[in-house]
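Me: I should like to learn how to read a few features of a structure. Please take them one at a time.

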Amino acid sequence: MNTTSTRAGSATRVAIVGAGLGGLSAAIHLRTAEFEVDVFEANDRVGGRANVIEADGFRFDTGPSLLNYPWVFRELFEAAGRKLEDYVTLLPVEPSVSFQWPDGTHFTLSSNLEKLLAECARLEPGASPRVLAYLRDAAAKYDMAFESLVTRNEDSPLKWVGALSPRQMAKLSVWRSLYSELGRFFKSRHIKEALGSYGMYLGGSPHELPGFFSILPYGELAYGLWLPKGGIYGLVSGIERLARDIGVRIHTGRRVTKIRMEHLCVEGLEFADGDRIDASIVVSNVDVPTTDTQLLDANGLSDPLRRKATRTRMTCGVLTFYWGIRGKVENMRHHTIYLPDDYRGAFDDLMHNHRIPRGLPFYVSVPSETDPGLAPDGDTAMFVLVPTPLLSEMPDCDWRAEAQEVKMRALTRMAQHGVSLDPGRIAFEAIYTPEDWRDRFGLYDGSAFGAAHNFFQVGPFRAKNYLESVKGMYYVGASTTPGTGMPMVVLGGRRTAERIQAHAH
Ligand SMILES: Cc1cc2nc3c(=O)[nH]c(=O)nc-3n(C[C@H](O)[C@H](O)[C@H](O)COP(=O)(O)OP(=O)(O)OC[C@H]3O[C@@H](n4cnc5c(N)ncnc54)[C@H](O)[C@@H]3O)c2cc1C
């Protein structure tokens, strides 16, 4: 590619590095605001972590599998004057997630209130009024989050909290842990453990994360859980089509090696094949600490950026397995989370002792239960996710060998719950270790979900979506604001676009 200029006609050109969901969302919002937008993606497909493996008639989503907050995606399409339904078909997943413990206890979430109340009352007799109180409380937090906090670019902590009344502030429960917040409503250890287990994806133990995050399971209960037809990648493809339809130029197979700058102003990009382009505005969708330590060519800034990266607390790594299985697998629903007996110990192992938890909490998804088109007739597509410490926390690990051991432990545990899965039935297998996640998508230290969401890494304390010291340098994605997860990075894309527009005026 030849060197291109930053201006196309009268429109300002923006170069986006990476076509993950955050990058695509930023591209769509910027294009809608009449910027000229080029997205450069290292891989052959867009989607980033939300990628796809197609083999032997099976289709596996590589990363995300739980889709909630569908309104966020609807709004993305509406912002571009289109309708989600014209691009993507969403299938409801009901009941949503089942939890299993080694003692045989099980618990299933549902967005059907009657079913949810009955299920909670089965584990905790008389729980119904407390379930309703929890839902009311979480609804208030949820509204506050989406009306006043997550959807605004606000850097000043004082102004950020100033958007809330003292009563609303008190409701946020930032000084209480997620687990004790859930304890205000539930006595059952199993209900608290199930609802608190979502904390793993935010990079903290429910005993340490702020109580505010009790809204996470609420989002799923209130707005349902969904699977796009064709899997999560069906949604990614719809978003890619939308971007191209409105004139975003997406270039795949274009690995950026350097974000060039001169005198603390962004100048453009340099690619692996030596090509260069000029651009006065660059948005990096590559994980923030990876961008800061590997892509930014900032004389005099390298040391502070490296220090900032090493100080960032990251979420855990993951081992992920993609199994194409001959025949149906009995006793499995779409989403199952296997929790250990020693719940707190498992989080301690993961977050503090830096080992794969002895009790092995893990998650299994069988999306072909909801969309049979994801596997050949009568067969099963299965995805297994096991959280692990970060690469730097297990420096001597042979991840391929570890994966084989973890696989046998997961199969043994599933068999204890009546899921008999002879390894001989696994006709197709792919495994991503934390090293693969790092190498394929640039995930810093192999962290699956990006920067953690502890108190000092949320809201105005989280890495900002622009670099104050470098003109024209912006970020979007899981490790910047507002945070991780598909809906959050899509919302983040809008905020980055708004930030660029605000700076342009
Ligand atoms: C295993 C797993 C399970 C998950 N489960 C869920 C879930 O159930 N629900 C949910 O909502 N979220 C889930 N998440 C989180 C969700 O996937 C992420 O928060 C979100 O997809 C991150 O998007 P992003 O915008 O940060 O981009 P990323 O996905 O990080 O994409 C960044 C892009 O940049 C590209 N890139 C990197 N380096 C370069 C370079 N040098 N040049 C050019 N391009 C480059 C990468 O190839 C990639 O395409 C999961 C994540 C993982 C890993």
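Me: How do the residues of the shell around the ligand divide into nonpolar, polar and charged?

Reply: Ala, Val, Leu, Ile, Met, Phe, Trp, Tyr, Cys and Pro count as nonpolar, Asp, Glu, Lys and Arg as charged, and the others, Gly among them, as polar. Here the shell has 18 nonpolar, 14 polar and 4 charged residues. This is a predicted model: local features need pLDDT of at least 70, side-chain atom pairs count only at pLDDT 80 or more, and totals for chains, interfaces and linings use all residues. Residues are numbered from 1 along each chain as its sequence is written.

Me: Where does the shell lie relative to the domains?

Reply: Domain bounds come from an automatic or database domain assignment. Domain 1 (7–50 + 230–312 + 454–504) and domain 3 (316–441) both give residues to the shell, so it lies between them.

Me: Which residues come nearest to the ligand?

Reply: A residue is near a molecule if its C-beta atom, placed from the backbone, lies within 6 Å of it. Of the 36 residues around the ligand, Gly18, Gly20, Gly22, Gly48 and Gly477 come nearest.

Me: Which residues of helix H15 are buried?

Reply: An α-helix has 3.6 residues a turn, so residues three or four places apart point the same way. In H15 (residues 434–441; helices are DSSP runs of H or I, at least four residues, numbered from the N terminus), Pro434, Trp437, Arg438 and Phe441 are buried, with 20 or more other C-beta atoms, placed from the backbone, within 10 Å of their own. They cover an arc of only 105° around the axis, which puts them on the same side of H15; the arc is that of the directions from the helix axis to the C-beta atoms. After H15 comes Gly442, with a positive phi near 75°.

Technical notes: Buried ≥ 20, exposed ≤ 12 C-beta atoms within 10 Å, placed from the backbone. Helix = DSSP H or I, 4+ residues; strand = E, 2+ residues; numbered from the N terminus.
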